[in-house]
Amino acid sequence: MTPAERDRYSRQVLFAGIGETGQERLLRARVAIVGCGALGSFQAGALARAGVGYLRIVDRDYVELSNLQRQWLFEEDDARAALPKAVAAKRRLAGINGGVTVEAEVADLTPRNADELLGECDLILDATDNFETRYLINDYAVREGVSWIYGGAVAAQGTVMAMIAGQGPCLRCVYPKAPGGLEATCETAGVLNTATSLIASLQVTEAFRVLCGVAGPYRVTAVDLWQGSVRQIARPEREPACVCCGARRFEYLEGRRRAPISLCGRNAVQIHERDRAVDLSALAERLRPLGEVKANEFALRFFPAGYEVTVFPDGRAIIKGTTDTGVARSLYAQYVGS
């Protein structure tokens with residue numbers, strides 16, 4: 001460490017669990033954060049302040065006013081400009097710790113780009129809102145032997161579990177299939193910013209332990225802040241018959257298409273089904289006779305009656321105003337193309 005780094009991180013170095021050796025490991029670490037909403041924005045800020053040397057922030061979405069209640073890196077100006085979250089986060093982190101390299105990826109994690117977006121990182125932090133993406137992360141992590149930290153929060157509740165490469169279960173050992181039935185979501189049950197910040201903080205603490213080489217124990221932590229309960233249990237044993245870490249079948253990583261996804265906490269659907277880029281300038285000219293258009297270098301927003309269609313340069317779109325994937329597909333085909 002340089003004298004400036006030793007001074008900056010002195011309180012962390014004094015903590016016996018990290019020390020000077022651990023801090024040096026953090027400074028050399030490379031971490032991918034998938035999602036930069038309530039969990040990811042807190043994770044990114046905490047890791048940058050702790051001196052993790054390289055952060056790659058992957059997020060498909062843009063900042064909205066309703067995000068500001070729980071997404072710590074963003075401000076009203078970001079929402080007014082509809083900045084992509086990854087871009088807004090990178091700008092804010094540059095003022096928090098200029099010694100950290102931050103890479104902003106405005107993208108949806110898919111089987112096609114997983115190697116590019118997750119590659120060359122020592123650890124992956126889950127800040128997503130759906131199990132399809134988590135299973136994709138899990139497939140990649142098992143195949144490549146990379147540890148990752150699962151976390152989820154809704155209402156006042158949340159769960160954290162570290163998946164350690166080569167040790168213990170993978171996500172599909174614990175959840176062979178995505179939880180079904182009447183699951184609460186941020187859209188139906190809301191969410192407290194204290195719940196998301198606590199879950200993200202627990203994830204970052206697990207990240208410190210992994211990056212500093214702590215052998216264990218690693219546990220499953222479940223909290224309910226409103227009821228004031230915290231429960232820790234031993235991680236389940238690895239399932240020998242697991243389709244992923246047992247049979248090494250990477251079904252999500254081998255998928256060719258990304259199905260439309262209803263976005264948690266949003267009256268919106270993401271469409272990501274085309275493999276070609278979109279010329280946003282040309283699309284803006286085509287759409288202006290049909291309604292209001294707002295565009296910048298990162299995205300185009302179009303406002304047909306009752307809906308908001310946001311199109312990104314890679315052809316991905318977020319259709320706001322419906323959770324019906326059929327309606328979203330129809331609007332995409334109508335205004336962007338099939």
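Two strands are taken to pair if DSSP finds at least two bridges between them. Helices (H or I, at least four residues) and strands (E, at least two) are themselves DSSP runs, numbered from the N terminus. The structure is a predicted model, in which local features need pLDDT of at least 70 and side-chain atom pairs count only at pLDDT 80 or more, whereas totals for chains, interfaces and linings use all residues. Residues are numbered from 1 along each chain as its sequence is written, and side-chain values use heavy atoms, with hydrogens and water left out.

The strands form an open sheet of eight members in the order β3-β2-β1-β4-β5-β6-β7-β8, with mixed pairing. Its edges are β3 (101-106) and β8 (229-234), each of which pairs on one side only. From one strand to the next the twist averages 15°; here axes are lines fitted to C-alpha atoms, for helices over the stretch in contact, and angles run from 0 to 180 degrees between N-to-C directions. In general, strands of a sheet pair through backbone hydrogen bonds, either parallel or antiparallel.

At the β3 edge, strand β2 (residues 54-59) runs parallel to β3 and is joined to it by six bridges. Within this pair, L55 stands opposite V102 of β3. Helix α6 (residues 85-96) lies across both β2 and β3 and runs at about 165° to β3, contact being defined by heavy atoms within 4.5 Å. In the loop between α5 (76-80) and α6 is A82, a residue other than glycine whose phi nevertheless has a positive value, near 50°. A82 counts as buried, at 7% relative accessibility; buried means under 20% relative accessible area, exposed over 50%, and partly exposed in between (1.4 Å probe, protein chains only).

Strand β1 is largely enclosed by the rest of the structure, because four of its five residues are buried. β1 pairs with β2 in the parallel sense over five bridges, and A32 has R56 of β2 as its bridge partner. The chain passes from β1 through helix α4 (residues 38-50) to β2 in a right-handed β-α-β crossover, that is, one in which, with the strands pointing away from the viewer, the path from the first strand over the helix to the second runs clockwise. β1 also runs parallel to β4, to which four bridges join it; the bridge partner of V34 in β4 is D126.

D126, in strand β4, is buried, with a relative accessible area of 0%. Not counting residues up to four places away in sequence, D126 touches V34, L39, Q43, R134, W148, I149, Y150, G151 and Q203. With one of these residues, R134, the D126 side chain makes a side-chain polar contact at 2.9 Å. A polar contact is a pair of N or O atoms within 3.5 Å; within protein, one must be able to donate a hydrogen and the other to accept it, and residues adjacent in sequence count only if both atoms are side-chain atoms.

R134 is among the buried residues of helix α8, which also include F131, Y135, L136, I137 and V142. Eleven of the 14 residues of α8 are buried, so this helix is largely enclosed by the rest of the structure. Helix α8 (residues 131-144) should span 20 Å at 1.5 Å a residue, and its end C-alpha atoms are 20 Å apart, which agrees; the expected span is 1.5 Å times one less than the number of residues. At the N-terminal end, α8 is capped by N130, a side-chain oxygen of which lies 3.3 Å from the backbone nitrogen of E132. Just after the helix, G145 takes a positive phi of about 70°. α8 lies across β1 (30-34), β4 (123-126), β5 (147-154) and β6 (157-163), running at about 165° to β5.

The loop between β5 and β6 holds A155, which is not a glycine but has a positive phi of about 55°. A155 counts as partly exposed, at 25% relative accessibility. Further along the chain, T194 lies in helix α11 (residues 193-211) and is partly exposed, with a relative accessible area of 41%. T194 and R11 are 183 residues apart in sequence and 24 Å apart in space, C-alpha to C-alpha. In the loop between α11 and β7 (219-224) is P217, which is joined to G216 by a cis peptide bond with omega of about -5°.
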